[in-house]
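User: I've got this one open and I'd like to go through the labels with you. Can you walk me through what stands behind them?

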Amino acid sequence: MGVLMSRRQTVEKVQKVSLAVSAFKDGLREQPSARRQAEVGGTRRGTLEQAVQEGEEEALAGPSQPEESSASKAAWERLRDGRGVEPEEFDRANRFTPPAFIRPKRELHDDEPPDISLEQREQVLNDEICEICEVWTAESLFPCRICSRVYHDGCLRRMGYLQNDSAVEVTETAHTEMGWSCYYCDNLNLLLTEEEMYSLMETLQHCKIIPESCLTLDDFLHYKHLVHKQQFERPMAEAQEEQAALQFSALDPDKKGHIEWHDFLSHESIQLLQKLRPQNALLRLLTAKERERARVAFLALDQDNDGFIGEGECRRARHTWFRKHQKETPSCNVSISHVGPMSESSPASSISSKSQEKTPPATEQEEARPVDWPGFLRENVAYILAARPNSAALHLQPPA
C-alpha cells in the first residue's frame with residue numbers, strides 16, 4: 001500500500017506541474033493578442049461597438065489573408081500535433097493534461113518483409129496497470145482491442161476522452177467481442193510521420209478543406225476531383241467518381257448526408273499510407289492482437305490445411321471480416337478469448353444471409369487462384385488498419 005500511495009502522489013505532482021505549465025503556455029499565447037489590442041485601441045473597454053468592429057475586420061480578412069483566424073489556426077495546430085478535436089471550452093482545471101504525442105519515424109528496415117509466422121502463435125497479454133494513472137484495480141480496467149493498453153473510465157473522463165454517453169458505450173463494449181479502441185488506436189492519423197502529416201495538411205489546405213468540419217457528398221466529390229487532378233493532371237473518370245460516391249456512403253453508415261471530420265481524416269490517413277508506404281511497411285504497423293486475429297482467420301479458412309485459400313475467400317474476408325458487429329450479432333465459431341475483444345466479423349464465423357447479399361459473388365477463376373499466408377496478410381493489411389477506429393463507418397471501402 002505504501003508503494004501504491006507513493007506512486008499515486010507522484011502522479012498527482014506530475015499532473016499539477018503539467019497543469020501549471022499548460023496555464024503558463026496559455027498565458028504566453030494570450031499576451032501577443034492583448035498587446036496588439038492595446039497598441040491599436042489603447043485601453044480596451046469591452047464595448048459592443050468594439051466587438052462588432054473586430055468581428056467585421058476578421059470576416060473581411062477571410063482565409064486569403066496570410067494570418068488565419070485564431071480558431072482556424074488552432075485547429076490546424078491540433079491536426080499537426082495529432083491531438084484531434086479539442087473544444088475551446090475544454091475545462092483543463094478539472095482534467096488531466098493529455099500526454100504529448102510523438103509521431104513515428106520511418107526506419108531503414110521498414111520496407112523489408114517482416115517475419116510473421118503462420119505456425120508460431122503469439123501470446124497476447126494486456127497491461128496490468130492503467131496507462132494514465134499507473135494504478136492497478138483489476139476488473140475496473142478497460143482493455144484496448146488493438147494494443148495492450150488498459151484504462152480506468154475515470155481517468156479517460158478526466159482527460160476529456162469520455163464525454164456525454166461515451167462512458168456507457170465504452171463500458172458496454174470494452175469487455176465484449178466488439179471491443180473498444182483506445183484514443184491512440186482510434187485515430188489512424190497518428191500512424192503518419194511528420195513528413196506524411198505535412199503532405200496531408202498541404203493537400204487539405206490546397207483543396208480549402210476546413211479542419212474539424214463535416215463534409216457533404218458534394219464537398220467530398222469536389223475534394224476527390226481536385227486531388228485526382230493534382231496527382232494525375234487529368235479529370236477523374238466517371239467510374240472513379242462512382243467509387244468515391246460508394247466510399248462516401250461507407251463513411252456515412254447512418255445516412256446523415258455528411259461525414260464526420262474524424263472519419264474523413266481517418267480515411268485520408270489510410271489512403272496516404274497506402275500511397276506512400278509499401279505493404280511490408282504497413283505490415284510492421286500491425287499489433288500482436290491484429291496478427292493473431294489474422295492468423296486465426298486464415299487457419300479457419302484453410303480447411304484442407306495445405307497453406308492456401310482461394311481468392312474468393314480472401315476477397316470475402318475484405319468485405320465481411322472487418323465489418324463492425326451489429327447488435328445481437330451471433331458470436332463467431334472460433335474461440336479466440338486469449339486474444340482479447342474483437343471488433344469485426346471473422347471470416348471464420350458463419351456468414352449471415354445479409355452479409356452474403358452484400359458480398360459480391362466470387363467467380364470460378366477467383367476461387368481457383370490460391371492465396372498463401374503472406375499474400376493474405378499483404379492483401380488485407382490496409383483493411384486491418386482501417387478497422388481500428390470505434391466509428392461504425394467503413395474507412396476503406398473494399399472494391400467490388
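Analyst: Sure, starting with a helix pair: Glu-196, Leu-200 and Leu-204 in helix 6 meet a set of residues in helix 9, namely Trp-261, Phe-264, Leu-265, Glu-268, Ser-269, Leu-272, Leu-273 and Leu-276. Keep in mind that this is a predicted model.

User: Why are helix 6 and helix 9 called oblique to each other?

Analyst: Helix 6 (residues 194–206) and helix 9 (residues 261–276) pack at an angle of about 120°, with their axes 11 Å apart. Roughly perpendicular covers 65 to 115 degrees, and roughly antiparallel starts over 145. About 120° falls in neither range, so helix 6 and helix 9 count as oblique. The crossing of the two, helix 6 and helix 9, is right-handed.

User: What makes helix 7 and helix 8 oblique?

Analyst: The reasoning runs along similar lines. Helix 7 and helix 8 pack at an angle of about 135°, and their axes are 10 Å apart. An angle has to be over 145 degrees to count as roughly antiparallel, and 65 to 115 is the roughly perpendicular range. About 135° is in neither, therefore the pair is oblique. Helix 7 passes helix 8 in a right-handed crossing.

User: Which residues meet between helix 7 and helix 8?

Analyst: From helix 7 you have Leu-217, Phe-220, Leu-221, Lys-224, His-225 and His-228. They meet Gln-240, Glu-241, Ala-244, Ala-245, Gln-247, Phe-248 and Leu-251 in helix 8.

User: Lys-224 is in that list. How do you know whether Lys-224 is buried or exposed?

Analyst: Its relative accessible area is 15%. The cut-off for buried is under 20%, so Lys-224 is buried. Lys-224 lies in helix 7 (residues 217–232). Not counting residues up to four places away in sequence, Lys-224 touches Met-236, Ala-244, His-267, Glu-268 and Gln-271.

User: What joins the side chains of Lys-224 and His-267?

Analyst: A polar contact of 3.2 Å. The limit for such a pair of N or O atoms is 3.5 Å, and 3.2 Å is within it.

User: What about Arg-234, why is it called partly exposed?

Analyst: Arg-234 comes out at 47% relative accessible area. Exposed needs over 50% and buried needs under 20%, so at 47% Arg-234 is partly exposed. You'll find Arg-234 in the loop between helix 7 and helix 8 (238–251). Leaving aside neighbours within four places in sequence, Arg-234 is in contact with His-228 and Lys-229.

User: And what makes Glu-313 partly exposed?

Analyst: The value for Glu-313 is 22%. Buried means under 20%, so Glu-313 is partly exposed. Glu-313 sits in helix 12 (residues 311–320), and its side chain reaches the backbone nitrogen of Gly-310 at 3.0 Å. Glu-313 and Phe-298 are 15 residues apart in sequence, and their C-alpha atoms are 9.6 Å apart.

User: How do you know that Lys-208 is exposed?

Analyst: Lys-208 has a relative accessible area of 71%, and the exposed label takes over 50%, so Lys-208 is exposed. Lys-208 is in the loop between helix 6 and strand 3 (215–216). There's a backbone detail too: Lys-208 has a positive phi of about 60° although it is not a glycine.

User: What puts Asn-305 in the exposed class?

Analyst: A relative accessibility of 63%. With the cut-off at over 50%, Asn-305 counts as exposed. Its place is the loop between helix 11 (288–301) and strand 5 (308–310), and Asn-305 has a positive phi of about 55° although it is not a glycine.

User: Turning to the interior, which members of the largest nonpolar core touch the most other members?

Analyst: Of the 48 residues in that core, these are Leu-79, Leu-204, Ile-209, Phe-264, Trp-373 and Phe-376. Helix 15 (residues 373–386) gives the most to this core, with nine residues. Apart from it lies another core, of 23 residues, among them Cys-133, Cys-144, Met-159 and Leu-190.

User: What does Leu-204 touch?

Analyst: Beyond its neighbours within four places in sequence, Leu-204 is in contact with Trp-76, Leu-79, Ile-209, Tyr-223, Trp-261 and Phe-264.

User: How many helices and strands does the chain have?

Analyst: 15 helices and six strands. Buried residues make up 39% of the 400 residues in the chain.

Terms used:
Residues numbered from 1 in each chain as written. Predicted model: local features only at pLDDT ≥ 70, side-chain atom pairs only at ≥ 80, totals over all residues. Heavy atoms only, no water. Core = buried A, V, L, I, M, F, W, Y, C linked by side-chain atoms within 4.5 Å. Buried < 20%, exposed > 50% of the residue type's maximum accessible area, 1.4 Å probe, protein only. Helix = DSSP H or I, 4+ residues; strand = E, 2+ residues; numbered from the N terminus. Contact = heavy atoms within 4.5 Å. Polar contact = N/O pair within 3.5 Å; in protein donor to acceptor, adjacent residues only side chain to side chain. Axes fitted to C-alpha atoms, helices over the stretch in contact; angles between N-to-C directions. Left-handed = near helix turned anticlockwise from the far one by under 90°.
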